[in-house]
Each structure stands twice: as structure tokens, then as C-alpha cells.
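Work through the exercises below with the structure open beside you. Try each task before you read its solution.

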Amino acid sequence: MKRIRSFFLAALCALAFAALMSACAGGNKDNKQEAEQKTVVDDAGHQVVMPAHPQRIVAPYLEDPLVVLGIKPIAQILYGNVEQNYLKDQLSDVDIIDTTDVGLPLEKLVELSPDLIIVGKGMASEDAYEQYAKIAPTYVIDNIDKNWRETLLGLADLLDKKQTAEEKLQAYDQKVEQAKEKIRQKVENKTAAIVVLTEKEFYTMGHVQGGRLLFDEVGVQPHRLTPSQEEWNTLSLEKLNELDADYIFIIKTERYQTSELERSSLWTSLTAVREGRTFEVESGIWQYSGLICNELGLADIVQAISAE
């Protein structure tokens, strides 16, 4: 009996020892992964020594592509009245950084303790870059607003997610083709405009953000008051009677309350208004660029034009 008891005690000890060694090995593996580094050159020419597998990323205005890649940043940017509410389900528990008045606040960055900061060139003057780099390795990326596809692929390459990005882009392109087919007959020989209205003037969106989606990817013909470049036109209300687009997408924000204008004959006499072809869309989607917000913009376009 004693021999049997001794045998079981020895076996239990051996199992416990094996489990302990396995846990230590796993812990060492995790610690090694966290300690691994790589050296890269960013789009501004900086040589950046960064974690090979960053866990705490702050990337202003890059939340959309990070989520696409399956990466959850530790903060989300708020600027003025334009919020990325469409990411609230994926980023409901992350910190909010308000950049409206002070840019990227250094105190908040220190508090968040990131292991990697990724910023666009517009936020990375040499002075700002030096401050960011004191807090964490900082990588400057180009084309945040100009080309969301290049931005996504650039991030994917940096973070070893290239296959994920390519698969997501392939699925997205299929959705674009499906959207184009659904509305093709209705938009043939028709024009569209994207506007922001105020009581004193109005703005038309060019080939940027939601404009790039509607005009360049979906292929709806822009109205002649639409800028030909990646910009906005600021127009006086005297020009409103020239907005004879067949479809008008109206970006509404809390800042622009235009109920009086929309009751005026200036507005109600427009072709799109008379024929019920005006559609309100969210600024948080149409004033950003990225795969996720573009998919939502596609849904807006198909729903609006198919239902009219």
C-alpha cells in the first residue's frame, strides 16, 4: 500500500513540475515576444526602433484601418463635432483624446503609456515628433487622408498584417461592384452633390472622403459645383439656385443648424428637393476615409438611390 501511495505522490510531483516548467516556458515566450524589436524607416525618413509586436498603440485618425487589421488601439480621437461614432462598438472601452484645440496632448499620451505612436505627417512637425518620440517609438505615415488604401496597406506591412489587409480589400472591392450594379441604371446621366449648409453659405465636397467614395469609387457623376480636386468649395447662398444636381447628400452636424434655409424658396425650388432626392448623411462617416466607414457610406448610397 505504501508503495502505491509513494508511486502516486511521485507521479503527481512529476506532473506539477512539468506544468511549472511549461508555464515558465510560456511566460518566457511571452516576455521574449514583448521584448522583441525591429528597426524600420518611416515615411518621414526617421529610423524607428519599435516593438516587433506592439500591444499599446495610439494612432490618431487611423482607428479605422487598425480595426480592419484586427488591432484595437488604446485611444480614439475626437475632433470638434466630427466623431467616429461608427466605431463605437469596436472601441467602446478605449480612452478618448480630444485634439480640437491642442492637437495631440502630451500629458494624455504619457498617461496612456503607449508602446508605439503612429501619426500622419500633418501632426508630426520636427518639434512635435521629438516630443512624441520621448514618450514612445513614433512612426510617421503619409497619405492618411489622400489614399486610405495605401494607408491600410502601409500599416499592414508595418504590423505584419499584410494578408489580412489584402483579404479585406478584396471583399470591399466586391461590395463596391455590387453597389455600382444596384444603382447603375438610376444614376445614368445623373449628377450628385455633397453639401454642408449654413444660414449664410454652403459648401460642396470635392474628391475627398465621402466625395471620393461617391464620385471616384462608385462612379456617380459630380455636379458642376463640385470641386475637381481633393477640397471643398465655399459658395454664397446666391449660388444655391445653380445647385441643380439630381441627387444631393447633406452632411448634418450640430454646428450647422439650417432649418430656416431648408424652408426657404432658395432650397425648396431645387430639382433634387422637389423630386425627393435629398438625403441626410452622418458627418462621422462621410467626413472620414477608411474601409469600415466607406462600407457604411456605400450602404447610404445604395439605400438612398435605390429607394428614391
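The exercises go from a sheet to a core, then to a helix and single residues. The model is predicted.

**Exercise 1. The sheet**

Task: Find in what order the strands of the open sheet lie, and which are the edge strands.

Solution:
- Step 1. Read the order of the three strands: β3-β6-β7.
- Step 2. Check the pairing. The strands pair in parallel. In general, the strands of a sheet pair through backbone hydrogen bonds, either parallel or antiparallel.
- Step 3. Look for strands that pair on one side only. These edge strands are β3 (57-58) and β7 (138-141).
- Step 4. Zoom in on one pair. Strand β6, residues 116-120, is joined to β7 by four bridges. V119 stands opposite V140 in β7.

**Exercise 2. Helices on the sheet**

Task: Find which strands helix α4 touches, and what angle its direction makes with that of β7.

Solution:
- Step 1. Locate α4 at residues 126-135.
- Step 2. Follow its contacts. Helix α4 packs on the sheet and touches β6 and β7.
- Step 3. Take the angle. The direction of α4 makes about 140 degrees with that of β7.
- Step 4. Now turn to helix α5, residues 148-158. Helix α5 lies across β6 and β7, and runs at about 150 degrees to β7.

**Exercise 3. The nonpolar core**

Task: In the largest nonpolar core, find which residues touch the most other members.

Solution:
- Step 1. Take the size. The largest nonpolar core has 77 residues.
- Step 2. Pick out the residues that touch the most other members: I118 and F249.
- Step 3. Ask which helix gives the most to this core. Helix α12 (residues 291-307) does, with eight residues.
- Step 4. List some neighbours of F249. Beyond four places in sequence, F249 touches ten residues' worth of surroundings including V195, L214, F279, W286 and I301.

**Exercise 4. An enclosed helix**

Task: Explain why helix α7 counts as largely enclosed by the rest of the structure.

Solution:
- Step 1. Helix α7 spans residues 210-217 and has eight residues.
- Step 2. Name the buried ones: G210, G211, R212, L213, L214, F215 and E217.
- Step 3. Conclude. Seven of the eight are buried, so α7 is largely enclosed by the rest of the structure.
- Step 4. Look just past the helix. There G219 takes a positive phi of about 90 degrees.

**Exercise 5. Buried or partly exposed?**

Task: Decide whether T204, E199 and Q209 are buried or partly exposed. Buried means under 20% relative accessible area.

Solution:
- Step 1. T204 lies in strand β9, residues 201-205. Its relative accessible area is 1%, so T204 is buried.
- Step 2. Find a partner for T204. Its side chain reaches the backbone oxygen of L225 at 2.8 Å. Beyond four places in sequence, the contacts of T204 include I194, P227 and W232.
- Step 3. E199 sits in the loop between β8 (191-197) and β9. Its relative accessible area is 38%, so E199 is partly exposed.
- Step 4. Q209 sits in the loop between β9 and α7. Its value is 16%, so Q209 is buried.
- Step 5. Find a partner for Q209. A polar atom of its side chain lies 3.1 Å from the backbone oxygen of Q287. Q209 also touches W232, W286, Y288 and S289, among others.

Methods: Residues are numbered from 1 along each chain as its sequence is written. This is a predicted model: local features need pLDDT of at least 70, side-chain atom pairs count only at pLDDT 80 or more; totals for chains, interfaces and linings use all residues. Side-chain values use heavy atoms; hydrogens and water are left out. Two strands pair if DSSP finds at least two bridges between them. Helices (H or I, at least four residues) and strands (E, at least two) are DSSP runs, numbered from the N terminus. Contact means heavy atoms within 4.5 Å. Axes are lines fitted to C-alpha atoms, for helices over the stretch in contact, and angles run from 0 to 180 degrees between N-to-C directions. A nonpolar core is a set of buried Ala, Val, Leu, Ile, Met, Phe, Trp, Tyr and Cys residues joined through side-chain atoms within 4.5 Å. Buried means under 20% relative accessible area, exposed over 50%, partly exposed in between (1.4 Å probe, protein chains only). A polar contact is a pair of N or O atoms within 3.5 Å; within protein, one must be able to donate a hydrogen and the other to accept it, and residues adjacent in sequence count only if both atoms are side-chain atoms.
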